[in-house]
Amino acid sequence: VGGVVTINTVRDELTKNGQSAGELYLEAVEILLRKGVFSRKGYALAPDVLQALLELLKRRRLLLRAHESLRMQVRIEECILAADLACIDFHQVATLCHELSLYRALIYLYSQGLGDFIFGAKNLILSIRRSPPPPDVRTRLATFLEYTHLLLSN
């Protein structure tokens, strides 16, 4: 577009310069996505960008210690929750949510993407009822209560 620099132009130029430049671009996208910049500006990420970002975060999570890994899971979930559903690869994101127990994102994906308000909540309840209970059972219960409140208030 005649002299206008777009986010896709920046991506294309950075990815030409190798893997580290492409990762730098994805890190910047993550910051903007989690801050809500794209949604405020009405800009949806290209599906391949979100897919590459989630794959990068997932790969990095595997290299971290336990407490750092949990923080990375929160970052991944925040990215999913901030993303426009039109740019989400449903299968990739649903699989990732199941793998990492990202129940808020799973509920968002199924309720907003498919209009299925039962599936995500059912998985969350089953995870809370496990024996022994998961270490983050309080967080999961809080997620369920938040979801129930939102469902009943609409």
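This report describes the fold, the nonpolar core, two pockets and two single residues of a predicted protein model.

**Overall fold**

The protein chain contains 9 helices and 0 strands. Read from the N terminus, its elements therefore follow the order α-α-α-α-α-α-α-α-α. The chain has 154 residues, and 34% of them count as buried. Its exposed surface comes to about 9,500 Å², with carbon and sulfur atoms supplying 58% of that area. When contacts between residues at least 6 apart in sequence are considered, 50% of them join residues at least 24 apart.

**The nonpolar core**

The largest nonpolar core is made of 36 residues. Leu 45, Leu 50, Leu 53, Leu 54, Ile 76 and Ile 80 have the most contacts inside this core. At least two core residues come from each of helix H2 (19-35), helix H4 (47-62), helix H5 (66-82), helix H6 (90-100), helix H7 (103-114) and helix H8 (119-128). H7 gives the largest share of the core, with 7 residues.

Leu 45 can serve as an example from this core. With neighbours within four places in sequence left aside, Leu 45 is in contact with Val 29, Leu 33, Phe 38, Leu 50 and Cys 87. One of these partners, Leu 50, is itself listed among the core residues with the most contacts.

**Two pockets**

The table sets out the two pockets by volume and by the classes of their lining residues.

| Pocket | Volume | Lining residues by class |
|---|---|---|
| Largest pocket | about 360 Å³ | 6 nonpolar, 4 polar, 5 charged residues |
| Second largest pocket | about 300 Å³ | 7 nonpolar, 4 polar, 2 charged residues |

The space in the largest pocket is about 360 Å³. Its lining has 15 residues, of which Leu 70, Gln 73, Ser 101, Asp 136 and Thr 139 are the closest to the pocket centre. H5, H7 and helix H9 (137-153) are the elements that give two or more residues to this lining. The largest share of the lining, 4 residues, is supplied by H5.

The second largest pocket holds about 300 Å³ of space. It is lined by 13 residues, and those closest to its centre are Ile 107, Tyr 108, Ser 111, Tyr 147 and Leu 150. Here the elements that contribute two or more lining residues are H7 and H9. H7 thus appears in the lists for the largest pocket and the second largest pocket, as well as in the core.

**Ser 101**

Ser 101, one of the residues closest to the centre of the largest pocket, lies in the loop between H6 and H7. Its phi angle is near 55°, which is a positive value in a residue other than glycine. Ser 101 counts as partly exposed because its relative accessibility is 25%, and the partly exposed class runs between 20% and 50%.

**Gly 113**

Gly 113 is located in helix H7. Is this glycine buried, exposed or partly exposed? Gly 113 is partly exposed, because its relative accessible area of 40% falls between the cut-offs of 20% and 50%. Apart from neighbours within four places in sequence, Gly 113 is in contact with Leu 85 and Tyr 108. Of these two partners, Tyr 108 is also among the residues closest to the centre of the second largest pocket. Gly 113 and Phe 90 are 23 residues apart along the chain, and their C-alpha atoms are separated by 8.4 Å.

Conventions:
Residues numbered from 1 in each chain as written. Predicted model: local features only at pLDDT ≥ 70, side-chain atom pairs only at ≥ 80, totals over all residues. Heavy atoms only, no water. Buried < 20%, exposed > 50% of the residue type's maximum accessible area, 1.4 Å probe, protein only. Contact = heavy atoms within 4.5 Å. Areas by Shrake-Rupley, 256 points an atom, 1.4 Å probe, with all protein chains shown as cover. Core = buried A, V, L, I, M, F, W, Y, C linked by side-chain atoms within 4.5 Å. 1 Å grid on protein atoms, 1.4 Å probe; cavity = no way out; pocket = protein on both sides within 12 Å on 5 of 7 lines; lining within 4 Å. Points joined across faces, edges and corners; volume = space filled by probe spheres on them. Nonpolar A, V, L, I, M, F, W, Y, C, P; charged D, E, K, R; others polar.
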